[in-house]
Amino acid sequence: MKLLTWNIQWGLGMDGRVDLARIVRTARAMADFDVFCVQEVADNFPGLAGNDDRDQFALLGELLPGYTRVQGYGVDVAGDNGRRRRFGNAIFSRYPVLSARRHALPWPADPAKKTMPRVAVEATLQAPGGALRVTTTHLEYYSDIQRREQVRRLRNLHDEACQRAAAQARYENAESNVTFDPTPQATRAIVCGDFNFPPDNNAFQDLQSPLARDGPALRDAWSHLHPGEPHPPTFCLHDRRYAKVPYCCDFAFVSTDLLPRLAAIGANLETQDSDHQPVLLELDDR
């Protein structure tokens, strides 16, 4: 199984050109991926640099035939002529999507900071090794207060899911309403995306803290496969507007029951198709 995660900056490359086809070409050149998690996708946001009003979620779907799209919006505001303006994340999977959820992340007031609402998009997939929960997100950049709360919520969402999976076989109430029909629940999980903190930030460890009922906690895939080695830089490598020194803020965390399946993780440090570098995670299919 190959999963690619990338903050695509609405397809805006270092050359100032928005090109979603180029994003997909670069991704396909990296791997014949099974799951593609993208952040900073825009719909009807012509005010973004180089962008127009097209629905990029739909455009990416057209560029990825054979993949099921699950999308979610952090920003969803009124636009012209009654059309919404949306900005968020998406998961594209060629595995069957058993269920999907969208989680609005905490957005506490931080008056001195410019911020936007954030979302985590979750899909439970029928992967070769069984049901697997994939979540992709893009956390707050400017506000540490909001980012820490969002990390806490991500960790708690994983904890809740593990508790549901453990309890699923014991439900008792029969129900004629089919919306109550149980769906597969999984402890095995991947949480990936742009977290907007470096590995030495406290939030990096907060996300990996133990779960309430000793379920499989999250672990950073790079640290597990390359202990003691610095993460490859995924931000400000080719554009130093936000930081003078490149650093890693794009991660793939996996639950501990997936650690034996971890095969490889790496970043494409050459591409300049976005201001972030894509990260490829590989799992053994067992």
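These notes cover the overall fold of the protein chain and the setting of one residue, Q56, in a predicted model.

1. Secondary structure. The protein chain contains twelve strands and five helices. One of the helices, helix 2, runs over residues 56–63.

2. Overall dimensions. The C-alpha trace spans about 55 × 50 × 45 Å along its principal axes. The radius of gyration is 18 Å, which agrees with the value near 19 Å for a compact globule of 286 residues.

3. Packing along the sequence. Among contacts with a separation of 6 or more, 69% are between residues 24 or more positions apart. Of the 286 residues in the protein chain, 51% are buried.

4. Surface and charge. About 12700 Å² of the protein chain is exposed, and carbon and sulfur atoms supply 50% of that area. The chain carries 33 positive and 37 negative charges, and the mean positions of the two sets are 1 Å apart.

5. Q56, location and burial. Q56 lies in helix 2. Its relative accessibility is 2%, so Q56 counts as buried; the cut-off for that label is under 20%.

6. Q56, neighbours. Leaving aside residues up to four places away in sequence, Q56 touches W10, V18, L20, E40, V41, A42, D43 and N51. With one of these, N51, the contact is also polar: the side chains of Q56 and N51 are joined at 3.2 Å.

Terms used: Residues numbered from 1 in each chain as written. Predicted model: local features only at pLDDT ≥ 70, side-chain atom pairs only at ≥ 80, totals over all residues. Heavy atoms only, no water. Helix = DSSP H or I, 4+ residues; strand = E, 2+ residues; numbered from the N terminus. Rg over C-alpha atoms; globule rule 2.2 N^0.38 Å. Buried < 20%, exposed > 50% of the residue type's maximum accessible area, 1.4 Å probe, protein only. Contact = heavy atoms within 4.5 Å. Areas by Shrake-Rupley, 256 points an atom, 1.4 Å probe, with all protein chains shown as cover. Lys, Arg positive; Asp, Glu negative; His and termini not counted. Charge placed at Lys NZ, Arg CZ, Asp CG, Glu CD. Polar contact = N/O pair within 3.5 Å; in protein donor to acceptor, adjacent residues only side chain to side chain.
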